[in-house]
Amino acid sequence: MATIDECLGALDRLAENLAGASGELRSAAAPDRSLSCHVTDLDVTFVGHLRDGHLKEVRTVEGVPERRAEIALEMTGDDLVALVDGRLNFARAWASGRVRLKAGLRDVLRLRSIL
């Protein structure tokens, strides 16, 4: 089971990937959206903001935040790490229920290209 530090590391790698992106990937990460990732096995949620191709202001909240982000993900810590490392396909994980996503259709399509 992934730890909180490993999950934060995965989010840092995601932020680095977004910051270094170009072309279509960069435009997919460009919208200004609140983002949360609830890690079910740790019962913590990482809350941040996707802005200008960067993941900013990431903080850890115990449990599920009262206010839902515009893009809300839910998965295990191991799946978060695997997604960011490219070992888990986002579309397959979402289709199988390993990853839950609540977002508008446009955001779903953008997130698919980011992950």
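Guide: Let's start with a cut-off: a polar contact is a pair of N or O atoms within 3.5 Å, and within protein one of them must be able to donate a hydrogen and the other to accept it. Keep in mind that we're looking at a predicted model.

Visitor: What makes the link between serine 34 and glutamate 70 a polar contact?
Guide: The side chain of serine 34 reaches the backbone nitrogen of glutamate 70 at 2.7 Å. The limit is 3.5 Å, so this pair counts as a polar contact.

Visitor: Where does serine 34 sit, and why is it called buried?
Guide: Serine 34 belongs to strand β1, residues 33-39. Its relative accessibility is 11%, and buried means under 20%, so serine 34 qualifies.

Visitor: Which residues does serine 34 touch, leaving out those up to four places away in sequence?
Guide: Those are Gly48, His49, Ala69, Glu70 and Ile71.

Visitor: Why is β1 described as largely enclosed?
Guide: Six of its seven residues are buried, so the rest of the structure largely encloses β1.

Visitor: How do you know that β1 and β2 pair?
Guide: Pairing needs at least two bridges. β1 and β2 have seven, in the antiparallel sense, so they pair. One position to look at is arginine 33, which stands opposite leucine 50 in β2. The two strands form a hairpin with four residues between them, and aspartate 43 in that turn has a positive phi of about 50°.

Visitor: And what makes β1 and β4 a pair?
Guide: Five bridges join β1 to β4, and at least two are needed, so they pair as well. These two strands run parallel. Valine 39 has methionine 75 as its bridge partner in β4.

Visitor: Which residues have the most contacts inside the largest nonpolar core?
Guide: Val39, Leu73, Met75, Leu80 and Val99, in a core of 26 residues. Elements that each supply at least two of its residues include α1 (4-19), β1, β2 (44-51) and β4 (71-75). As background, nonpolar side chains in soluble globular proteins tend to be buried together. Back to Val39: beyond its neighbours within four places in sequence, its contacts include Cys7, Phe46, Met75 and Leu80.

Visitor: Why is there no disulfide between cysteine 7 and cysteine 37?
Guide: The sulfur of cysteine 7 has its closest cysteine sulfur in cysteine 37, at 7.4 Å, which is too far for a bond. A disulfide needs the sulfur atoms within 2.5 Å, so this pair fails. The structure holds zero disulfides.

Visitor: Are those two cysteines buried or exposed?
Guide: Buried: cysteine 7 has a relative accessible area of 0%, and cysteine 37 comes in at 3%.

Visitor: Why is leucine 42 put in a class of its own kind, neither buried nor exposed?
Guide: Its relative accessible area is 22%. Buried means under 20% and exposed over 50%, so leucine 42 lands in between, as partly exposed. You'll find it in the loop between β1 and β2. Not counting residues up to four places away, leucine 42 touches Met1, Ala2, Thr3, Ile4 and Cys7.

Visitor: How many of the residues score at least 70 in pLDDT, and which element has the lowest mean?
Guide: 82% of the residues reach at least 70, and the chain averages 84. Among the elements, helix α2 (residues 23-28) has the lowest mean, 55, whereas α3 has the highest, 94.

Technical notes:
Residues are numbered from 1 along each chain as its sequence is written. This is a predicted model: local features need pLDDT of at least 70, side-chain atom pairs count only at pLDDT 80 or more; totals for chains, interfaces and linings use all residues. Side-chain values use heavy atoms; hydrogens and water are left out. Buried means under 20% relative accessible area, exposed over 50%, partly exposed in between (1.4 Å probe, protein chains only). Contact means heavy atoms within 4.5 Å. A nonpolar core is a set of buried Ala, Val, Leu, Ile, Met, Phe, Trp, Tyr and Cys residues joined through side-chain atoms within 4.5 Å. pLDDT is the predictor's confidence in each residue, from 0 to 100.
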